[in-house]
Amino acid sequence: MIDRTDPEGAIAAATKRCSNWGRWGADDVRGTMNFLTPAHRARAAALVRRGVSFSLSQSFDANGPQKGWRRRTNPVHTMLDTGTDAVAGVQGFPHGLGGADDVIAMPLQCSTQWDGLGHIFDHGRAWNGRPADRVVTSLGDGVTGIETVASVIAGRGVLLDVGRALGVDGELPDGFAITEEHLVETIARQGSTSAVGQGDIVLVRTGQLTRVRRNGWGEYAGGPAPGLSFTTADWLHRTEIAAIATDTWGFEVRPNEFDDAFQPLHQVAIPHIGLFLGEMWDPDELAADCAADGVFEFWLTAAPLPITGAVGSPVNPIAVK
């Protein structure tokens, strides 16, 4: 049970139970990605049977969900060279050559993305107990920058379609806190291909993205949402998964489960468990296919852009069945 009046106490108790500090040595920079070994990856490759693939990314464009909170905006895409320039003959190339070129400006966490290990701190401490000011400075994350895992986020993906298993018409209502019991029940309903274990990349579908597609973005970015309960911290730690992602803006249930708190599960999962969190993923097409064939496991590659020193990264995850 959660004491809604004591987030500090709950967070402290969860970090004591779930800490992975020192588990892979004092110099570790990969956290739970250490669970995703070459052996896990080799077994996952055998899950490709039909060769059908699904992008799990939302669009990166001006019509995204961001509203400017903490300077998070939607992408600004600008053309540097165009077909108009080519036809006008102003590009300066010889023998009729023409081309197009473009640039994009955006926060790294404006759409489908990974939270890196330098994204969240607990009382001034980053992953593995390091002082936050020695990890992330104005030059970026010089220790656990997202580039440190750019080559390893590929392996067995598992979809837990909680929205379809427990919701109404495939959707959980905003404010629905997904507990360990809900995750276990979803796995039981889906069958053996959705068993979760060491090194897996778990994707939790709530159905919120489906709803905002139908009704408009509304408060998707930062407002009420279904999501993981704070009480799942122990499950996230015990299962030894490599990463977990949801179709929501903030991964955990909103409003949060304490009277005065902001993303308390992040405060345990990232700096203490060393867990990579994905947000704003789009599982709908994959989920429909999984429901149709009853197979909820797949090969998943979700490499971040190796942006040196970044504390998060856009990603276009690809699931292959």
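Is R189 buried or exposed? In this predicted model, R189 has a relative accessible area of 54% and is therefore exposed, since the cut-off for that class is over 50%. The side chain of R189 meets that of E185 in a salt bridge, with 2.8 Å from N to O, and E185, at 32% relative accessibility, counts as partly exposed. Both residues belong to helix α5, which spans residues 180-190, and they are 4 residues apart, about one turn of the helix.

The pair within α5 belongs to a wider set of charged contacts, for the count of salt bridges in the model comes to 20. Among them is the bridge between E240 and R23, in which the closest N and O atoms are 2.5 Å apart. This pair links distant parts of the chain, with E240 placed in the loop between α7 (233-238) and β11 (243-246) and R23 in the loop between α1 (7-18) and α2 (38-45), 217 residues apart. R23 has a relative accessibility of 39% and so counts as partly exposed. Salt bridges also join several residues into a network, whose members are D161, R164, R205, R213, D282 and D284.

A further bridge is formed by R211 and E171, whose closest N and O atoms are 3.3 Å apart. Because R211 lies in helix α6 (residues 208-215) and E171 in the loop between α4 (162-166) and β8 (177-178), the bridge ties together parts that are 40 residues apart in sequence. R211 is buried, with a relative accessible area of 15%, and E171 is likewise buried, with a value of 12%. Within α6, the buried residues are Q208, L209, R211 and V212. These residues cover an arc of only 155° around the axis, and they therefore lie on the same side of α6. Just after this helix, G216 takes a positive phi of about 105°.

Attention now turns to the nonpolar interior. In soluble globular proteins, nonpolar side chains tend to be buried together. The largest nonpolar core of the model has 58 residues, and those with the most contacts inside it are M33, W114, L160, V204, L236, I244 and W281. Helix α8, formed by residues 264-273, gives the most to this core, contributing 5 residues. A second core, separate from the largest one, has 6 residues and includes L209, V212, A221 and W249. Two of the residues named there, L209 and V212, are also listed among the buried residues of α6. When neighbours within four places in sequence are left aside, the contacts of I244 are W114, V202, V204, W235, L236, F251, L275, F276, L277 and G278.

Aromatic rings form a further group of contacts, and a search of the whole structure finds 7 aromatic pairs. One of these pairs, W24 with W127, is tilted, the rings being 6.3 Å apart from centre to centre with 45° between the planes. As W24 lies in the loop between α1 and α2 and W127 in the loop between β4 (113-115) and β5 (136-137), the pair ties together parts that are 103 residues apart in sequence. The two partners differ in accessibility, because W24 counts as partly exposed at 25%, whereas W127 counts as buried at 1%. Another pair is made by W114 and W281, whose ring centres are 5.0 Å apart and whose planes stand at 70°, so that the pair is edge-to-face. W114 lies in strand β4 and W281 in the loop between β12 (276-279) and α9 (284-293), and the pair therefore ties together parts that are 167 residues apart in sequence. W114 counts as buried at 0% relative accessibility, and W281 also counts as buried at 0%. Ring pairs moreover link W24, F35 and W127 into a cluster. Elsewhere, a charged side chain is set against a ring, as R70 lies over the face of W69 at 5.8 Å from the ring centre.

Finally, G250 has its place in the loop between β11 and α8, and with a relative accessible area of 4% this glycine is buried. Leaving aside neighbours within four places in sequence, G250 is in contact with Q263, H266 and E279. G250 and T112 are 138 residues apart in sequence, and their C-alpha atoms are 11 Å apart in space.

Methods: Residues numbered from 1 in each chain as written. Predicted model: local features only at pLDDT ≥ 70, side-chain atom pairs only at ≥ 80, totals over all residues. Heavy atoms only, no water. Core = buried A, V, L, I, M, F, W, Y, C linked by side-chain atoms within 4.5 Å. Buried < 20%, exposed > 50% of the residue type's maximum accessible area, 1.4 Å probe, protein only. Contact = heavy atoms within 4.5 Å. Salt bridge = Lys/Arg side-chain N within 4 Å of Asp/Glu carboxyl O. Arc of directions from axis to C-beta. Phe/Tyr/Trp six-rings, centres within 6.5 Å; stacked < 30°, edge-to-face > 60°. Lys NZ or Arg CZ within 6 Å of the ring centre and 35° of its normal.
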